[in-house]
Amino acid sequence: MQGRLSAWLAKHKLAHRPLGFDYQGTETLQIKSEDWVSIAVALYVYGFNYLRSQCAYDVAPGGSLASVYHLTRINDNADQPEEVCIKVFVPREDPRIPSVLRIWKGANFQERESYDMFGIFYESHPCLKRILMPESWIGWPLRKDYIAPDFYEIQDSH
């Protein structure tokens with residue numbers, strides 16, 4: 001089923017795939033990684049001026065990874081905001097997605113956390129480094145195929 005935003009994107013010949021609606025009626029769209037920046041700019045121009053959240057998840061062990069963006073269109077009648085959920089799937093062998101930090105400043109720490117936990121590289125992110133784990137950490141702890149080390153070495157704090 002195609003929603004209002006999906007129809008608008010199709011009208012402007014912007015590649016996407018409608019995934020339906022969630023339990024709250026929020027339209028969900030799948031976007032290819034190579035199309036993400038142009039569609040993100042179009043969504044911002046359309047009025048989606050607030051990145052409510054960005055997260056990532058591992059679809060299946062050995063499968064693809066997903067970066068999920070929840071966008072909100074806030075205007076004068078803020079009691080009725082329009083929302084959309086964008087999912088960008090990437091292969092786990094080379095998970096690269098263009099960063100949207102230059103469009104929504106709130107993506108900064110959220111993209112860094114997704115990088116830290118899943119190893120998704122957000123291209124053109126100005127400070128893509130670990131945010132939760134130490135820089136010396138090996139691997140991506142929230143991937144389903146991650147093998148936790150037998151012990152953790154305590155390091156000096158200075």
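In this predicted model, strand E2 (residues 27-30) runs parallel to strand E5 (residues 82-90), and the two are joined over four bridges. Within that pairing, Leu29 has Ile86 of E5 as its bridge partner. Strand E5 is also paired with strand E4 (residues 65-73), here in the antiparallel sense and over nine bridges, and in this second pairing Ser67 is matched with Val88 of E5. E5 therefore takes part in a parallel pairing with E2 and in an antiparallel pairing with E4, since two strands count as paired if DSSP finds at least two bridges between them. For reading such strands it helps to recall that, in a regular strand, side chains alternate between the two faces of the sheet.

These strands belong to a protein chain with three helices and seven strands, which follow one another along the sequence in the pattern α-β-β-α-β-β-β-β-α-β. Taken along the principal axes, the C-alpha atoms of the chain fill a box of roughly 55 × 35 × 30 Å, and 39% of its 158 residues count as buried. UniProt, in an unreviewed entry, lists residues 30-148 as "domain: NADH:ubiquinone oxidoreductase 30kDa subunit". In the model, that span is 19% helix and 29% strand, and its end C-alpha atoms lie 31 Å apart.

Strand E4 is a convenient place to turn from backbone to side chains, for Tyr69 is located in this strand. Tyr69 has a relative accessible area of 0% and is therefore buried, the limit for that class being under 20%. Its C-alpha atom is separated by 5.0 Å from that of Ile86, although the two residues are 17 residues apart along the chain; Ile86 is the residue of E5 that was met above as the bridge partner of Leu29. Tyr69 also belongs to an aromatic cluster, which it forms with Trp36, Tyr44 and Trp104.

How many aromatic pairs are there in the model? With ring centres required to lie within 6.5 Å of each other, the count comes to eight aromatic pairs. One of them joins Tyr46 and Phe48, whose ring centres are 5.7 Å apart and whose planes make an angle of 15 degrees. This pair is classed as stacked because planes under 30 degrees apart are given that name. Both Tyr46 and Phe48 are buried. The ring of Tyr46 has a further contact, in that Arg73 lies over its face at 4.5 Å from the ring centre. A similar arrangement involves Arg96, whose charged end sits over the ring of Phe121 at 5.2 Å from the centre of that ring.

The cysteines can be treated briefly, as the count of disulfides comes to zero. Cys55 is in no disulfide, and the cysteine sulfur nearest to its own, that of Cys85, is 7.6 Å away. Why does Cys85 lack a bond to Cys55? The closest cysteine sulfur to that of Cys85 is the one in Cys55, and at 7.6 Å it is too far for a bond, because a disulfide requires sulfur atoms within 2.5 Å. The two residues also fall into separate accessibility classes: Cys55, at 32% relative accessibility, counts as partly exposed, whereas Cys85, at 6%, counts as buried.

Among the helices, H3 (residues 107-118) can be checked against its expected length. At 1.5 Å a residue its 12 residues should span 16 Å, and its end C-alpha atoms are in fact 16 Å apart, so the two values agree. H3 is mostly covered, with nine of its 12 residues buried; among them are Ala107, Gln110, Tyr115, Met117 and Phe118, together with the charged residues Glu111, Arg112 and Asp116. An α-helix has 3.6 residues a turn, so residues three or four places apart point the same way.

Two backbone positions deserve a closer look. Most residues other than glycine have a negative phi. Lys13, although not a glycine, has a positive phi of about 55 degrees; this residue is placed in the loop between helix H1 (4-11) and strand E1 (17-21), and at 76% relative accessibility it counts as exposed. Ser124 is likewise not a glycine and has a positive phi, here of about 70 degrees, and it is found in the segment after strand E7 (121-123).

Definitions and conventions. Residues numbered from 1 in each chain as written. Predicted model: local features only at pLDDT ≥ 70, side-chain atom pairs only at ≥ 80, totals over all residues. Heavy atoms only, no water. Phe/Tyr/Trp six-rings, centres within 6.5 Å; stacked < 30°, edge-to-face > 60°. Buried < 20%, exposed > 50% of the residue type's maximum accessible area, 1.4 Å probe, protein only. Lys NZ or Arg CZ within 6 Å of the ring centre and 35° of its normal. UniProt positions renumbered as here; feature names shortened; annotations may be inferred. Expected span 1.5 Å × (residues − 1).
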